[in-house]
Amino acid sequence: MPHEVVSDFFFDVDSCVFLIGGFGGTGVPMKLIEMLARSKSKNHTIITNDTGTKKSGIYPLLKNGKVSKLICSFVGQNKEVEAYLSDIELIFLPQGSLAESIRTGASKIKGFHEKILDNYRHTESIYADYSLVKAAKADIYGNLFYDGTDKNFNPIMLMAGKETLVEVDKYPVKLKLHERMMPGIYVDYILKR
Amino acid sequence: MLTISLKDKITIAKKAASIITEGSSVVLGAGIPTKCLKFLNDKDCWVIYETGIIGACPFSCGTETIIDASRKKIGLREGGSIFDSAFIFSLIRSGRIKNAILGALEVDLSGNVACHATHTRLWGYGGSLDIYSYVEKKIFVIPQRRFVSKLSIPVSGKHIADIVVTENGYYEIK
């Protein structure tokens, strides 16, 4: 069964790789992001699809100087983050390559060859120390239910992290079989919103 | 940046949707392409969004969070479903989706497309390169002033556009 997230969880974790779920501000584990932003930790690599919006996304991490490297597919929706991007290492991956490299990382496949435009290239899989993801509901076993398109990157990111933290709206609740979209065996820690 | 009127956007969207065969599947990008949804829905098409939707419809019914590529709340058509990002891009890359209607910053007469940056701003590619690489027919819906003889900003993909639709007309790129 998953543990509850304590408020100083990220107190002494410097230079870690984080996978953070969400797409354009939806399905973002905002409480976990704020917790990491408030911590004393620094020098992190953040892997996320996009920078979201000011209220919902990784903005607090950039603002508080926690990020040294950002791997993502898109930063265009959020003007607030622009000022911070010049100070960090920024790597763009096509969204499908990003998704696939997380999925292969979760399966411990080292990398893969793919065709992007007319070029073949090798893409390395992504592995992370921590996954921060968002789900709508969890039962006491950590089984997760996602709400609509809030699913986005959350399931694959949950699978690819060494330690996983899930932020949920409702916990603990009973989930019917068809509502158990991810098995709780992937979930180490739960934070109730 | 100069804006385009809602009326012109609808004209473009209607024209682009009229190119799509009834009942076929289409990926829609963010911006003007999302305006095509209503017209494609009338033609019984399967609209795919990179947010995870297969079979979008313009009306939000039910309590689920369902958003399009421009973060607008929409709904699911009968038989529609929602999957995760890896699944959606596997589907887009499978070649089963034959059409894409996309926006861009600029498209030129050779079908070269600019979508990820200007000289002063950086957006990133999002899902565009996956769609350019694996979807057969790419229709670009842009204001006329963005359809240029030669790109003035960094190129994202060469010889990508098959059709360009603007408020003034419809151009096939050979």
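Let's say that a residue is buried when its relative accessible area is under 20%, exposed when that area is over 50%, and partly exposed in between, using a 1.4 Å probe and protein chains only. The model here is a predicted one: local features need pLDDT of at least 70, side-chain atom pairs count only at pLDDT 80 or more, and totals for chains, interfaces and linings use all residues. Residues are numbered from 1 along each chain as its sequence is written, chains are lettered from A and ligands numbered from 1 in the order in which they are written, and side-chain values use heavy atoms, with hydrogens and water left out.

Start with B:Asp44, which at 44% relative accessibility counts as partly exposed. B:Asp44 sits in the loop between helix H2 (37–42) and E2 of chain B; helices (H or I, at least four residues) and strands (E, at least two) are DSSP runs, numbered from the N terminus. Its backbone is worth a look, since B:Asp44 has a positive phi of about 60° without being a glycine. Most residues other than glycine have a negative phi, and most peptide bonds are trans. B:His159 also goes positive, with a phi of about 50°. That residue is in the loop between E9 and strand E10 (163–165) of chain B, and B:His159 is exposed, with a relative accessible area of 60%. Over in chain A, the peptide bond from A:Tyr171 to A:Pro172 is cis, with omega near -10°, and A:Pro172 belongs to the loop between E10 and E11.

Back in chain B, follow the loop of B:Asp44 into strand E2 (residues 46–49), which runs antiparallel to E3(B) and is joined to it by 2 bridges. Two strands pair if DSSP finds at least two bridges between them. Within this pair, B:Ile48 has B:Ile54 as its bridge partner. The hairpin leaves 3 residues between the strands, and there B:Gly52 takes a positive phi near 120°. On to E3(B) itself: 5 of the 5 residues of this strand (residues 53–57) are buried, so it is largely enclosed by the rest of the structure. E3(B) also pairs with strand E4 (residues 75–82), antiparallel again and over 4 bridges, with B:Ile53 matched to B:Ile82.

Another piece of chain B is an open sheet of 3 strands, in the order E7-E6-E9 with mixed pairing. Its edge strands are E7 and strand E9 (147–148), each pairing on one side only. Strand E6 (residues 106–108) runs antiparallel to E7(B), with 2 bridges between them, and B:Val107 stands opposite B:Val113.

Go past E7 (113–114) and you reach B:Arg121, in the loop that leads to helix H4 (128–134) of chain B. B:Arg121 is buried, with a relative accessible area of 17%. What does B:Arg121 touch? Leaving out residues up to four places away in sequence, the list is A:Gly76, A:Lys79 and A:Glu82, where contact means heavy atoms within 4.5 Å. With A:Glu82 there is a side-chain polar contact of 2.6 Å, that is, a pair of N or O atoms within 3.5 Å; within protein, one must be able to donate a hydrogen and the other to accept it, and residues adjacent in sequence count only if both atoms are side-chain atoms.

In chain A, A:Thr51 is found in the loop between strand E3 (44–47) and helix H2 (59–63). A:Thr51 is buried, with a relative accessible area of 0%. Its contacts beyond four places in sequence include A:Leu70, A:Phe74 and A:Asn78. A polar atom of the A:Thr51 side chain lies 3.5 Å from the backbone oxygen of A:Val75. The C-alpha atoms of A:Thr51 and A:Val81 are 7.4 Å apart, though 30 residues separate them along the chain.

Helix H1 (residues 30–38) of chain A has several buried residues, among them A:Met30, A:Leu32 and A:Ile33. The elements covering the buried residues of H1(A) include strand E2 (17–20), strand E8 (128–138) and strand E10 (161–170) of chain A.
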